[in-house]
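The following paragraphs lead the reader through one protein structure, taking its internal spaces, its strands and its backbone in turn. Please keep the sequence and the model in view while reading.

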Amino acid sequence: MKYIKQAMEYKELIDTLMSDKNHADIVLYGGSVVNVLTREVYKADIAIKGKYILMVGNCESLIGENTIVVDVEGKFLSPGFIDSHMHFESSMLTITEFSRLSIPSGTTTLIADPHEIGNALGPIGMKAMADEASKVVNHVRLVVPALTPDCPSLETAGVDVSSKDMQDLLNYKNIIGIGELQGFSNAKHVYRNTPEIITDLLASTTYAKSIGKVVDGNAPELFGEELAAHIICTGGKCSCHETTTKEECIEKLRQGVYVFMREGSTQKNMAECIRAVTEEGLDSRRCILATDDMVAKDLEKLGHMNEIVKRTINQGVNPIEAIQMVTINPATYFGLEDRGVLSPSKVADIAIINDLNEMDVEAVFIDGKLVAAEGELIVDLPKYTYPNCVKNSIKREMLINSELEIKSEKNQVTVRCIKAIPDQNLTECLEIEAIVRNGVVQSDVDSDLLYIACIERYGRNNNIGKAFVKGFGLKKGAFAESVAHDTHNITVVGTNIVDMVVAVNKVIEMGGGIAVVNNGKVLEELRLPVGGLITDELTGTEVSEKISKLEKIVEKDLGGRLHAPFMHLSFLALSTSPKWKITDKGLIDVNNFEILDPIV
């Protein structure tokens, strides 16, 4: 039926072009078209019929008495932007609320990886998100995890997903492939220690390829044989959004990888990756801009893909080439043949831009309809409420203080300490001397040696991983959250055990969320009922305001000095990203695939 409908729609387009009796619905008249096929800008009109682009060029003959003519002289007409890799959960927003903030800045297509809700709730959570994707005016497609948790021997997820789930998921609406293949990120150690994971991933990826689905890669710091093995595991065509150096970018482009140059709220790798193009002259056709993780405040205050394109232009990239990285390049990678360029038969997803260098988006069309103007959404986007089946995901009993203590019989010990790196999900590893008092190893606020813990929240084993962390700068108090990539157990950082326990117990009581505590009192909280990751109770603006308030409290009341502290904390549990991380099973040496004692 889908193809019959499209044939009928195409026949109407042809009738309009060939007959004097039919005319365009809308003509964008007198603008400058950004042609991402030929990398040029020239004066041309765009005629729209229904949801399709009818023609690009001189469209005066397509103007009839009922045609809406929009004068766009002096404006630039670009294909709508595509964010090729992102997680709604990181914004803590529903798809609807994320879209409400994103669309006015020119983003018309979102490729989301529900890796987070997949770890927490499994197929039920991913399907619930795919259901919501049908309710918004923009185009939202999902690429789902083939494996949760990514490192089964090192962490605990809410639900174990594997190849057994792929046939069901990959044939569900709005799901177009497999997301980041983190299970084979640490290629050599996975091969040596858990080779069965590779077998299972191959079962998933080969099935996905057999039905025409895409498979994303995830290859941080992989070169040579390890990179080649990772590429093969994905089925031969893949992306990587974990590229952080120019040398990595060069290697991956040479091996055929589509490099998703990440530029999100806390992870900013584009400036380093783009040097492969600006300094070495490599072809940019496989360079794609993506955000990975965006917070609501940045979406609201800065913009979305238009802001990332602007930053890329500021690195010395031609504006049209930068726009290619959010239009034709991702459309080619994902096989989205109906978008990414302005040409006949493509969906009329169009961003009208005032200034190419500043990427100031004046208006946005999606499927031939004006949906945003002057930075505001002008169509109705009803609030979306999730079903109860994706709520109440925390099954953990309340904590007591002794459960978070790191004990020793000595008077002084050497402890292993994670060092957080601003704007990265990578960490460094330190060994630091610490005092023991009454059998408990002490934190040291003066040297920024703080406690960190990860508490299993799904009621599967009640594990608690404990260690130390440096980089947050807290002088007092603690904060906890049920957002912790990728298995999303409860993580907490603090100067003292008492406040940490109060913070964790508040998160448990809320059924998920964020809690900031000092002197045993909850200073502020945010409830995240959907999988412990998302709120369907607040708008995007309200979440932005709430997170800003929470961050200011961490800074002013607790003395924190790391911006976006909740996002940074969430990535300290990412067991596939070097070097040391914390999971419910303990301190993880990612590079060597082992669990370390917090005391040397």
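In this predicted model, the largest cavity has a volume of about 120 Å³. Thirteen residues line this largest cavity, and those closest to its centre are Ser90, Met92, Val295, Phe566 and Met567. At least two lining residues come from each of helix 2 (88-91), helix 18 (540-556) and helix 19 (565-571). Of these, helix 19 provides the largest share of the lining, namely three residues. Sorted by class, the lining of the largest cavity holds seven nonpolar, four polar and two charged residues. The total number of cavities of 30 Å³ or more is five. Rolling a probe the size of a water molecule over the atoms shows where empty space is left.

The second largest cavity encloses about 60 Å³. Its lining consists of 15 residues, and His87, Glu180, Asp292, Asp486 and Phe571 lie nearest the centre. Which classes of residue make up the lining of the second largest cavity? Two of the residues are nonpolar, six are polar and seven are charged. One residue named above, Asp486, also has a notable backbone feature: the peptide bond from His485 to Asp486 is cis, with omega near 0°. Asp486 belongs to the loop between strand 23 (478-481) and strand 24 (490-494).

Pockets are considered next. The largest pocket contains about 1200 Å³ of space. It is lined by 32 residues, with Lys2, Arg141, Gly335, Leu336 and Asp338 nearest its centre. Helix 1 (2-18), strand 8, strand 9 and helix 16 (328-334) each contribute at least two residues to this lining. Helix 1 gives the most, with six residues. By class, the lining of the largest pocket comprises 11 nonpolar, eight polar and 13 charged residues.

The second largest pocket holds about 350 Å³. Its lining has 16 residues, of which Leu101, Pro104, Glu300, Gly375 and Glu376 are the closest to its centre. Two or more lining residues are given by each of helix 3, helix 13 (296-301), strand 15 (360-366) and strand 17 (376-377). Helix 13 gives the most to this lining, with three residues. The lining of the second largest pocket divides into seven nonpolar, four polar and five charged residues.

Strand 8 and strand 9, which help to line the largest pocket, are also part of a sheet. Strands of a sheet pair through backbone hydrogen bonds, either parallel or antiparallel. Here, five strands form an open sheet in the order 6-7-8-9-10, and the pairing is parallel. Which strands stand at the edges? They are strand 6 (81-86) and strand 10 (214-215); each has a single partner strand, so one side of each is left without a neighbour in the sheet. Helix 3 (residues 95-102) packs on this sheet and touches strand 6, strand 7 (107-112) and strand 8. The direction of helix 3 makes about 145° with that of strand 7.

The pairings can be followed one at a time. Strand 6 pairs with strand 7 in the parallel sense over four bridges, and Asp83 has Leu110 in strand 7 as its bridge partner. Although strand 6 is an edge strand, six of its six residues are buried. Further along the sheet, three bridges join strand 8 (residues 139-144) to strand 9 (residues 175-178). Within that pair, Val143 stands opposite Gly177 in strand 9.

Beyond strand 8, the chain contains a cis peptide bond from Thr148 to Pro149, with omega near -10°. Pro149 lies in the loop between strand 8 and helix 6 (166-170).

Helix 10 (residues 246-254) shows how a helix can be covered by other elements. Its buried residues are Lys246, Glu248, Cys249, Ile250, Lys252 and Leu253. Among the elements that cover them are helix 9 (224-234), strand 11 (239-240) and strand 12 (258-262). Just after helix 10, Gly256 takes a positive phi of about 90°.

Positive phi values also occur in residues other than glycine. Asn392 has phi near 60° and is placed in the loop between strand 17 and strand 18 (412-420). Is Asn392 buried or exposed? Its relative accessibility is 54%, above the 50% cut-off, so Asn392 counts as exposed. Asn519 has phi near 55° and lies in the loop between strand 25 (513-518) and strand 26 (521-527). With a relative accessible area of 67%, Asn519 is exposed.

Technical notes:
Residues are numbered from 1 along each chain as its sequence is written. This is a predicted model: local features need pLDDT of at least 70, side-chain atom pairs count only at pLDDT 80 or more; totals for chains, interfaces and linings use all residues. Side-chain values use heavy atoms; hydrogens and water are left out. On a 1 Å grid over the protein atoms alone, a cavity is a set of points where a 1.4 Å probe fits but cannot get out, and a pocket is an open set with protein on both sides within 12 Å along at least five of seven lines; lining residues have an atom within 4 Å of a point. Grid points are joined across faces, edges and corners, and a volume is the space filled by probe spheres set on the points. Ala, Val, Leu, Ile, Met, Phe, Trp, Tyr, Cys and Pro count as nonpolar, Asp, Glu, Lys and Arg as charged, and the others, Gly among them, as polar. Two strands pair if DSSP finds at least two bridges between them. Contact means heavy atoms within 4.5 Å. Axes are lines fitted to C-alpha atoms, for helices over the stretch in contact, and angles run from 0 to 180 degrees between N-to-C directions. Buried means under 20% relative accessible area, exposed over 50%, partly exposed in between (1.4 Å probe, protein chains only).
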